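Subject: Structure for you to look at

Hello,

Here is the structure I said I would pass on. My notes follow it.

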Amino acid sequence: MNDTPMIRTRGLSKAFGPLKVLRELDLDIPAGQVVSIIGPSGSGKSTLLRLLMTLERPDAGTTEIAGEPFLAAGAGCVPVPESEVRRIRLKIGMVFQHFNLFPHMTALRNVMEAPLHVAKLSPAEARQRAEETLVSVGLGDKLDAWPAQLSGGQKQRVAIARALAMRPQIMLFDEITSALDPELVGGILDLLRGLANAGETTMLIVTHQMRFARQSSDRILFFDQGVVLEDTDPETMFTNPSHARTRAFLDAVLGAD
Amino acid sequence: MDLIPALLRGLGITVLLAAAGIVLATILAVLAGSAKLSRAWFLQGPAIAYIEVFRGTSALIQLFWFYFVLPLFGIEMHAVVAGILVLGLNAGAYGAEVVRGAVQAVPRGQWDAATALGFSRGAALRRIVLPQATLSMIPAMGNIYIELLKNTALVSLITISELTFTAQTLRADTLRTTEIFLIVLVMYFIVAQGIASGMRALERRLSLGRDVVVRT
Amino acid sequence: MNGRGLWDWGFALEILHERLIPALGVTVLATVGGMAIALVLGLVVTLMRRSRNRIVSRTAGFLIEFVRSTPLLIQIYFVFYALPQILPFLGDGRLSPMMTGVVALGIHYSSYTSEVYRAGIENISRGQWESATALGFSASDTWLRIILPQAIPPIIPALGNYLVAMFKDTPMLSTITVLELLYTAKDIGSESFRYNEAFTLVGVLFLALSLLSAAAIRFTERKLAVAR
């Protein structure tokens with residue numbers, strides 16, 4: 001494996017009206033790294049993920065994926081052709097807080113849809129891949145269930161399977177347990193742990209689950225008001241953070257448990 | 001009664017006109033509704049123009065325009081063609097707004113998920129969003145189809161021998177006015193009810209497996 | 001009167017001034033009259049629909065459905081040709097074309113306005129009814145002082161839309177010789193053999209007025225929304 005980071009951003013900025021949500025973010029993430037992203041609401045965590053997934057467009061800055069130009073905006077930047085963006089985007093997958101399952105399709109079809117129509121697999125191949133992925137997240141018996149019939153935890157598993165079925169190199173998780181009943185959270189975190197341990201996927205996990213972040217990530221980023229205030233390994237982050245704001249945030253969040 | 005066979009023939013023409021009109025209207029509604037949502041001006045502009053013009057003028061005016069004025073510009077067409085075109089264009093304009101509203105009502109998260117999986121905007125619309133929007137469109141489209149059925153009566157005024165034309169002819173011949181019009185009203189009513197139940201059945205079928213309240 | 005070419009501006013302006021604007025007045029008159037009937041009749045029918053008496057409410061429901069599902073054109077013919085046969089007390093035959101038109105439009109559109117009223121009334125929470133009862137209001141006072149004043153303002157835009165729709169339906173009255181816009185356009189056409197100007201101007205008049213009214217209704221909607 002070479003030294004080119006899987007994700008590299010330089011000067012990434014995004015504002016919604018007068019609100020600056022991301023300020024000139026510079027970030028390098030090596031391939032296979034598991035990164036947890038923590039911080040107060042509105043600090044820009046989700047926005048970073050949404051920009052990487054091209055759900056929003058940056059106001060300024062550049063992004064490279066595995067060394068290839070992916071996003072470019074602002075003065076002096078060479079824009080990247082849409083076809084290139086679409087091609088590179090296939091390396092990235094995302095799981096959402098509110099699942100966003102397709103309600104008019106069964107679990108199996110939800111997972112098959114993109115392999116079939118985007119990756120252009122044959123129906124038989126798409127079906128097989130979908131089945132395998134659903135089995136791997138523990139839903140082998142729910143292939144023909146409709147989203148409305150599934151619990152929150154099951155819905156999120158389908159969502160994870162759906163993203164994984166496209167075999168992305170980068171997985172983005174946007175607070176995927178925040179909308180779940182507490183007793184279902186553990187199951188999802190176990191899934192995430194399994195994925196992290198397999199070591200093949202670069203993972204960015206926006207989360208409030210501090211124990212998980214500490215135990216299962218390689219690196220933690222603390223976001224505050226649009227900048228990365230602290231960027232270090234889990235142990236240091238939780239035992240000896242450098243900034244007072246980091247300390248204050250952790251005290252507030254951990255104290256509430 | 002001896003009036004019935006003649007009226008039934010007229011009814012047959014009415015149903016055919018309505019069916020053709022409904023097909024055309026649905027196609028136009030989906031195309032124009034989607035185009036209006038597009039970010040490309042050359043798709044959005046014509047869509048808006050089409051919708052505003054055909055909603056802003058009445059079907060009868062449009063009918064006369066197609067049948068009497070277009071020939072002056074060299075575009076001649078058979079009355080039936082003009083009739084079906086106007087029925088479809090008129091209902092399609094109203095339908096386009098229904099389609100647009102329904103697509104906009106699909107939660108943003110569905111578009112996000114589709115983008116995250118690599119679907120292009122067009123593919124996301126076709127495969128993920130439109131199928132979901134379709135369910136919520138059905139009641140309003142049903143009303144539009146019934147309006148179209150009612151508008152078929154107008155084509156009698158450009159001499160197409162559908163039900164209303166037949167009724168007027170029989171009235172002039174037999175002077176059994178009340179009977180004729182009552183029968184005709186009942187016939188239209190029955191066809192309209194047919195359309196309404198068809199739409200309800202479609203709604204039930206499309207909401208299979210969905211967590212949706214379906215009106216009975 | 002035979003102008004040159006496909007479009008003669010002089011002719012167009014002349015018919016606009018002398019024939020079409022007066023005809024527009026007739027159109028507006030028919031619309032206003034029809035809407036007046038539709039507003040009143042629609043409310044009556046909605047109240048019938050809400051009646052505790054099964055027969056009354058079922059009949060009202062059926063009538064609404066029936067009138068809504070059948071063509072306005074046939075209803076116009078019915079009032080014009082058939083009603084005089086059924087109700088001989090109308091005297092020497094028929095209602096005047098304008099009266100027929102107003103009555104037919106009113107009846108047809110009352111089936112729509114009744115639905116609008118129904119939605120508006122159902123939107124009033126139960127608590128309002130219950131407070132009125134608790135305070136001792138009579139039924140009619142409850143309606144007049146509590147319910148209708150709350151129900152009517154939000155539905156004004158919807159009623160406005162039906163007013164515009166009725167306006168666009170007035171050309172059907174040309175079939176019973178009401179001298180509205182379409183009738184006048186056809187008249188001009190058969191007199192002068194020039195159809196283009198007449199029909200195009202009529203189309204433009206409808207389009208312009210309906211776009212204006214749509215904007216006015218949206219404006220009203222926004223003002224009402226702010227006021228709540």
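In which sense do strand β1 and β2 of chain A pair, and over how many bridges? The two strands, β1(A) (residues 7–16) and β2(A), are antiparallel and share 7 bridges. Please bear in mind throughout that this is a predicted model.

**The sheet in chain A**

The β1(A)–β2(A) pair is a hairpin, with 2 residues separating the strands. In its turn, A:Gly17 has a positive phi of about 65°. Two pairs of residues help to fix the register. A:Ile7 has A:Ile29 of β2(A) as its bridge partner, and A:Lys14 stands opposite A:Leu22 in β2(A).

The hairpin belongs to an open sheet of 4 strands in chain A, ordered β2-β1-β4-β5, and the pairing is antiparallel. At the edges are β2(A), residues 19–29, and β5(A), residues 68–73, each of which pairs on one side only. From one strand to the next, the twist averages 20°. As a reminder, strands of a sheet pair through backbone hydrogen bonds.

Helix α1(A), residues 45–52, lies across β1, β2 and β5 of chain A. Relative to β2(A), helix α1(A) runs at about 65°.

**Helix α3 of chain A**

Helix α3(A) covers residues 107–117, and 9 of its 11 residues are buried, so the rest of the structure largely encloses this helix. The buried residues are A:Ala107, A:Leu108, A:Asn110, A:Val111, A:Met112, A:Glu113, A:Ala114, A:Pro115 and A:Leu116. Note that A:Asn110 and A:Glu113 are on that list.

What covers the buried residues of α3(A)? The cover includes α4 (123–136) and α5 (152–164) of chain A, and also α6 (121–151) of chain B. Part of the cover therefore comes from the other chain, with α6(B) contributing to what encloses α3(A).

**Where the chains meet**

Between the chains, 23 residues of chain A are in contact with 18 residues of chain B. On the side of chain A that touches chain B, α2 (82–89), β6 (92–95), α3 and α5 of chain A supply at least two residues each. The most comes from α3(A), which gives 3 residues. By type, the residues on this side of chain A are 13 nonpolar, 6 polar and 4 charged.

If you open the model, I would look at the hairpin, then α3(A), then the contact between the chains.

Regards

Key:
Residues numbered from 1 in each chain as written. Chains lettered and ligands numbered in written order. Predicted model: local features only at pLDDT ≥ 70, side-chain atom pairs only at ≥ 80, totals over all residues. Buried ≥ 20, exposed ≤ 12 C-beta atoms within 10 Å, placed from the backbone. Contact = placed C-beta atoms within 7 Å. Pairing = 2+ DSSP bridges. Axes fitted to C-alpha atoms, helices over the stretch in contact; angles between N-to-C directions. Nonpolar A, V, L, I, M, F, W, Y, C, P; charged D, E, K, R; others polar.
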